[in-house]
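Got the viewer open? Here is a guided tour, one selection at a time.

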Amino acid sequence: MEDTLKAAIKRALENLGIAAPADIVLEHPADLAHGDYSTNVAMVLAKQLKQNPRELAQKIADEINTNKPKEVTAVEVAGAGFINFRLAPEFFAAMTKEILKQKEKFGRGTGLKGKKILLEKSAPNLFKPFHVGHLLNLSIGESLSRILAASGAKVVPVAYPSDISLGASKAVWAVMQKKLANAMTVDNLGDAYVYGTKMYDEDEAVKRNIDEINKEIYEKKSGSALAVYEKGRDICLAYFKRITKRLGSKFDGYFFESEAGRLGKKIVEKHLGGIFENGENGAIIFPGEKYGLHTRVFITSAGLPVYEAKDIGLIELKFKKYHPDRSLVITDVEQKQYFEVIKKAATLVFGEWGERSSYWQHGRMHFAGGSISSRYGNVPLAEDLIDMVKGKVSEKMSSVEKKSRVAADDRLVEDIALAGLRYSFLRTGVGKNIIFDFDKSLSFEGDSGPYLQYSYARSRSVLRKAKDEGIKADVKRKIGEPGALEKLLYRFPEIVRRAGEEFAPHHIATYLVELASAWNSFYANNTIADKADAGAPYKVALASAFATVMRNGLDLLAIAAPERM
RNA sequence: GCCUUCGUAGUUCAAUGGAUAGAACAGGGCUCUUCUAAGGCCUUGAUGUAGGUUCGAUUCCUACCGGAGGCACCA
């Protein structure tokens with residue numbers, strides 16, 4: 001369609017003897033009342049031709065009108081010199097038909113066809129409790145993974161659990177201190193981590209002790225510390241696999257910090273004197289200041305690789321194993337400048353591998369109102385938060401009006417709770433901090449995940465009734481002019497494309513709310529009665545098209561689409 | 001101190017340099033003999049400050065103010 005309009009504009013310009021700009025900008029007006037497509041060519045050209053933009057726009061519009069494409073019903077000039085196009089009802093009918101035909105494929109694009117993208121969806125510290133920050137990270141990673149796949153890419157999702165770190169050693173020390181070696185669980189390992197971290201900062205002797213344990217673990221020196229560490233690591237890894245499975249995420253592979261660290265250390269030492277330099281006390285540093293970045297330690301004076309060196313090793317592990325066209329990592333914004341250093345160092349060490357690696361940041365979460373607390377400070381554990389939300393969902397379902405005849409089974413409650421959480425994470429632009437208020441962020445009304453689910457459930461309900469009444473979908477039986485619903489439905493593929501290009505799931509979220517709103521409005525004003533209802537087949541066709549687009553959209557956000565709620 | 005980033009209704013978020021700055025929640029008023037009222041309809045209300053670039057700036061540039069983050073042995 002866009003090509004048709006662009007061609008028509010180009011033809012009109014030629015007939016007027018005006019050289020067409022290389023790129024004709026064609027967009028959807030922000031307001032549906034302004035038509036279906038609009039172009040600003042007149043305003044762009046007005047300046048170089050030294051003409052009044054509105055008059056020029058009118059001339060171009062008149063020219064297009066002499067030979068307009070059959071899908072166009074009106075060409076109008078508005079505002080400062082916009083040329084707006086209105087499309088014929090037949091166009092929307094054809095698009096609706098196309099949606100019904102393509103079903104779950106509707107929305108998929110080919111922009112990234114043939115590209116292999118390695119996506120690091122989650123990189124938790126295994127010994128640290130899995131908290132909402134990890135949940136946020138995983139939610140964004142999961143959505144991006146699906147969006148990129150929908151754009152045609154071959155996405156390889158991987159996890160990079162931090163199985164070895166000073167933090168792990170702190171937990172190991174605390175376990176040994178409290179003699180819990182034979183009673184380790186995820187819970188008391190979490191407590192141990194908190195206790196070890198606290199004591200490390202407060203007690204100089206404990207600090208030395210933990211540093212010693214840390215070295216033993218890195219060097220795999222057999223002893224009680226290593227035994228505790230290995231057992232704890234297995235428990236935590238099993239937990240990580242369990243919770244990510246609960247959240248519907250899969251990984252094609254795992255890279256561990258321990259392996260990345262060993263390799264990273266070798267790589268850094270190999271380039272010592274070139275890319276890397278000796279710093280104070282025998283540490284090995286990367287002089288980022290030479291490039292306008294931070295100078296950072298890669299290998300400590302104790303000879304241990306830190307995060308920096310591990311990330312260098314990780315790049316080689318990733319590229320050697322998967323050979324991706326692009327390697328993407330999702331992290332917290334607090335690591336933005338850190339990863340600029342890594343990228344620079346990696347580009348100097350590896351060349352192309354470094355250039356193909358991108359580091360994408362999401363915002364930090366801030367908790368408003370102090371309504372949430374946990375033993376780990378003001379950051380709640382992911383599962384605790386999910387359970388709290390589930391409680392709220394159950395309450396809502398049991399108190400809800402008589403018309404809801406849906407049993408509140410656990411699966412549905414969890415689906416709705418996760419929808420609420422995921423939506424609140426994904427509705428904001430990537431990189432912006434997220435203010436999370438348990439009471440307000442998790443509204444089930446309006447701009448929310450459950451609202452989208454509810455809209456979908458209603459459309460399914462209509463389709464069930466249609467089936468019972470024996471009404472078949474038919475796009476030909478038009479009732480009046482196309483409304484907001486038809487005008488939004490066919491735009492879905494463009495939204496998916498943009499979300500993929502910008503790595504921005506929130507475009508999907510914003511669009512779906514707008515779409516759901518249009519559907520709910522249509523729903524409220526168009527009841528299907530029975531088979532005798534002449535408009536029913538068209539209404540059923542729209543309900544079906546809406547259900548398809550909404551389900552495809554929710555899937556890109558990793559939100560479940562319940563049949564009833 | 002230097003660097004990064006963000007300031008939009010009372011609140012939480014939108015807006016490829018474009019039109020009358022969109023939603024949602026909260027506030028006010030309607031609306032369930034109809035496929036699910038977690039809904040629909042109406043209504044009050046916003047671009048931090050000062051300049052600059054532009055036909056046109058929430059968007060780009062500069063300064064200032066305010067929030068968040070980072071700046072060598074944590075991850």
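## First stop: a pair of facing residues

Select glutamate 27 and serine 38: the glutamate stands opposite the serine, which sits in β2. This is a predicted model, so keep that in mind as you click around. Now widen the selection to β1 and β2 (residues 37–39), which pair in the antiparallel sense over two bridges. What order do the strands of this open sheet follow? There are four of them, running β1-β2-β4-β3, with antiparallel pairing. At the edges you'll find β1 (26–27) and β3 (72–78), each pairing on one side only.

## Zoom out

Now show the whole of chain A. Its C-alpha atoms fill a box of roughly 85 × 65 × 40 Å along the principal axes. You'll be looking at 21 helices and 14 strands. Of the 565 residues in chain A, 42% count as buried. Try drawing contacts as well: among those with a separation of 6 or more, 75% are between residues 24 or more positions apart.

Colour by confidence if your viewer can do it. The mean pLDDT of chain A is 91, and 96% of its residues reach 70 or more. The model scores are ipTM 0.95 and pTM 0.94.

Next, colour 2–87 one way and 117–366 another: these are domain 1 and domain 2 in the domain assignment of chain A. How far apart are the C-alpha centres of domain 1 and domain 2? They lie 54 Å apart.

## The parallel sheet

Head for the five-strand open sheet, ordered β7-β6-β5-β11-β12 and paired in parallel. The edge places go to β7 (253–254) and β12 (357–362); each has a single partner strand, so one side of each has no neighbour in the sheet.

Start from the β7 edge. Strand β6 (residues 154–159) runs parallel to β7 and is joined to it by two bridges. Pick valine 158 and you'll see glycine 253 of β7 opposite. Then add helix α5 (residues 132–150), which packs on the sheet and touches β5 (116–122), β6, β11 (326–332) and β12. The direction of α5 makes about 160 degrees with that of β5.

Carry on across the sheet. β5 and β11 pair in the parallel sense, with four bridges, and leucine 119 stands opposite leucine 328 in β11. Keep leucine 328 selected and look towards β12, where its bridge partner is serine 358. The parallel pairing of β11 and β12 takes in six bridges.

While you're here, step back to the loop between α11 (307–322) and β11, where histidine 323 is found. Its phi is positive, about 50 degrees, although histidine 323 is not a glycine. Is histidine 323 buried or exposed? It has 11 C-beta neighbours inside 10 Å, so it counts as exposed.

## Helix α6 and the turn-off after it

Select residues 166–177, helix α6, and put a distance between its end C-alpha atoms. At 1.5 Å a residue, the twelve residues of α6 should span 16 Å, and the end C-alpha atoms are indeed 16 Å apart. Much of the helix can be shown as sticks: Ala168, Ser169, Lys170, Ala171, Val172, Trp173, Ala174 and Val175 are buried. What do the buried residues of α6 pack against? Show α7 (186–202), α8 (204–218) and α9 (224–246), and you have their packing partners.

Now follow the chain just past α6 to lysine 179, in the loop between α6 and α7. Lysine 179 has a phi near 55 degrees, a positive value in a residue other than glycine. With 8 other C-beta atoms within 10 Å, lysine 179 is exposed.

## Last stop: alanine 516

Finish in helix α20 (residues 506–525), where alanine 516 lies. Is alanine 516 buried or exposed? It counts as buried, because it has 26 C-beta neighbours inside 10 Å. Leaving aside residues up to four places away in sequence, alanine 516 touches Tyr451, Leu452, Ser455 and Met550. For one more distance, pick leucine 485: it sits 31 residues from alanine 516 along the chain, with their C-alpha atoms separated by 8.6 Å.

Notes. Residues numbered from 1 in each chain as written. Chains lettered and ligands numbered in written order. Predicted model: local features only at pLDDT ≥ 70, side-chain atom pairs only at ≥ 80, totals over all residues. Domains from an automatic or database assignment. pLDDT = per-residue confidence, 0-100. Expected span 1.5 Å × (residues − 1). Buried ≥ 20, exposed ≤ 12 C-beta atoms within 10 Å, placed from the backbone. Contact = placed C-beta atoms within 7 Å. Pairing = 2+ DSSP bridges. Axes fitted to C-alpha atoms, helices over the stretch in contact; angles between N-to-C directions.
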